[in-house]
Amino acid sequence: MVENGTSQSGQVGASGLGADPAQAPNPLDAMAIAYESGTRLPAPQVTRPLAECVGEVLAQDVRVVRDVPHYDSSAMDGFAVRGPGPWIVGENAWPVATGSLVPSEATSVVRQEWVQVDAGEASGAGTAGAGRISLAPGAPQRDLEPGRNIRRAGREALSGELVARAGELLTPAQVAFAAVAGHDTLPVCARPRVGLLLTGTEVVASGLPQPGFVRDAFGPQLPAYVRMLGAEVVASERIGDGEAETEAALEKLVGQCDVVVSTGGTGHSRVDEVRRAALRRVTGETGRVLFPELNMRPGHPTFLMEHSGVVHVGLPGNPLAAMVALRLVLAHVLRGALGRGIEQPGAVSLAHDFDPGQGRSGAGSAWRVMPAKPGDTSAGEGGQQSTQPRDTSGANLQRWELCDKRGSNMLRGLAQARGLVVIPPEGAGAGDAVACLPLPV
Ligand SMILES: Nc1nc2c(c(=O)[nH]1)N[C@H]1C(S)=C(S)[C@@H](COP(=O)(O)OP(=O)(O)OC[C@H]3O[C@@H](n4cnc5c(N)ncnc54)[C@H](O)[C@@H]3O)O[C@H]1N2
Ligand code: MOO
């Protein structure tokens, strides 16, 4: 059931308008096409201090500079000792704290609660007494085993071993390990520069709109979402639906961005100017329409074009359609641009039959991408969500149910979703494995 075919990958006719629906790629092919397109963008690197590296994408493999740890150290508070004891502090026993340097002649570290002071002063870690000490009566012998409680140099990592690979999105732990491994800065990919073109005369950015007007669903989330995808919004244009303003805004954006993300205006009506304006720019050797639309609902009017030196992702105006397209298409343009691998969708098992013949007429022949969430876990047999399908029946996968309120103009279902499930045109039955992309990324 889950497949990632490539049959429809590649460029389709540059005419765009009225393209044969059979040439519209399915959602999984669209991810691959978008990824390829992203790889053609410039990929500058920058060096950043470690404190600014979490969430950035590593530009080169990074290796351990010096053995970790770089000296033999104590794993306990107590005494580094040579031989079986009793010991004379300063001669064959040395007070140590956890993490202290252990003298090279020590054979092990005995924790302080297992040591008794026989004479003089040697009261504990960090004090340099000159007393006589021995293992307390009844204390186990194991702290006398050679090497006991000594963290040997290089035990965690040897110089030259890998810290993280190019293309990885750096986690807090990776950045911390890079510090311990000897780095002060890391080479990361410069964030692709994204320009937003938010269209719609009826769209208002605050307050309670009058009938005929709608509250902007994109402005409040897109800059943060784009950041989560590894890029940065560097310019934003909010316009109505006119031809001249669309032209002017696009002209402004292409000069300062790598990727343009537009919302709305993807239709074919007289007020949908974005598609026409983008198509007019598809000229010369480098201009291309990668797809004029998709074989997917919601989101079928989504387009992907390369023009004016940018990749242009045309998101439909309907909010759910736009967010589905963003998760599939924009996310993959940016993965390509950042040298990250193409995403391998996880798999979940559908909790209920889904018959695409239901709903809007004509929708039955399209792929469907829908907000979904884990169902009642007691009903499933699998437990945790798997990232790899273990079998195509989905019997071992966690059961997921579709969210309600998932009309293409809605957001309520998406707001409850943990992922987007991808269902082929023939539909899917309860218990079938289906591809699933986690949300928000
Ligand atoms: N005759 C046809 N009409 C429509 C078709 C079709 O095939 N034939 N497709 C429908 C589908 S599917 C979609 S999706 C939309 C695509 O619309 P556009 O990309 O052209 O976008 P607009 O017309 O500008 O807006 C559509 C819808 O979205 C609302 N919108 C726009 N921006 C925002 C925003 N920032 N926040 C919230 N809502 C927004 C807008 O008010 C409209 O309701 O076309 C269908 N029609
Ligand atoms: O993109 Mo539209 O909203 O398919 O439904």
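## Starting at N318

Let's begin with one side chain: an N or O atom in the side chain of N318 sits 3.2 Å from an oxygen atom of ligand 2. Keep in mind as you look around that this is a predicted model.

N318 turns up again at the other ligand. There, a backbone N or O atom of N318 is 3.2 Å from an oxygen atom of ligand 1. So N318 is a handy residue to click on: its side chain has a polar atom by ligand 2, and its backbone has one by ligand 1.

## Around ligand 2

Which residues come closest to ligand 2? Eight is the full count of residues surrounding this ligand, and G299, P301, N318, A321 and S408 are the closest. Sorted by class, the shell holds 3 nonpolar residues, 4 polar ones and 1 charged one.

The backbone joins in here too. A polar backbone atom of G299 is 2.5 Å from an oxygen atom of ligand 2. For H300, a backbone N or O atom lies 3.4 Å from an oxygen atom of this ligand.

## Around ligand 1

Now over to ligand 1, which has 19 residues around it. The nearest are E202, D216, A217, T266 and G267. This shell is made up of 7 nonpolar, 8 polar and 4 charged residues.

Two side chains are worth zooming in on. E202 has a polar side-chain atom 2.6 Å from an oxygen atom of ligand 1. In the case of D216, a polar side-chain atom lies 2.8 Å from a nitrogen atom of the ligand. How much of ligand 1 does the protein cover? On its own the ligand has 870 Å² of accessible area, and the protein covers 66% of that.

## Two helices that cross

Next, find helix 1, residues 27-39, and helix 6, residues 319-337. Their axes come within 6 Å and cross at roughly 35°. Is this crossing left-handed or right-handed? It's right-handed.

On the helix 1 side, the contact is made by P27, M31, A34, Y35, G38 and T39. Helix 6 brings L328, V329, H332, V333, R335, G336 and A337. Put into classes, the contact has 8 nonpolar residues, 4 polar and 1 charged.

## Backbone oddities

A few spots in the backbone deserve a look. The peptide bond from R297 to P298 is cis, with omega near -5°. You'll find P298 in the loop between strand 19 (296-297) and strand 20 (303-307).

Another cis peptide bond runs from L439 to P440, with omega near 5°. P440 belongs to the segment after strand 26, which spans 433-438.

Finally, there's S308. This residue isn't a glycine, yet its phi is positive, at about 50°. Where does S308 sit? Look in the loop between strand 20 and strand 21 (310-315).

Methods:
Residues numbered from 1 in each chain as written. Chains lettered and ligands numbered in written order. Predicted model: local features only at pLDDT ≥ 70, side-chain atom pairs only at ≥ 80, totals over all residues. Heavy atoms only, no water. Axes fitted to C-alpha atoms, helices over the stretch in contact; angles between N-to-C directions. Helix = DSSP H or I, 4+ residues; strand = E, 2+ residues; numbered from the N terminus. Left-handed = near helix turned anticlockwise from the far one by under 90°. Contact = heavy atoms within 4.5 Å. Nonpolar A, V, L, I, M, F, W, Y, C, P; charged D, E, K, R; others polar. Near = heavy atom within 4 Å. Polar contact = N/O pair within 3.5 Å; in protein donor to acceptor, adjacent residues only side chain to side chain. Areas by Shrake-Rupley, 256 points an atom, 1.4 Å probe, with all protein chains shown as cover.
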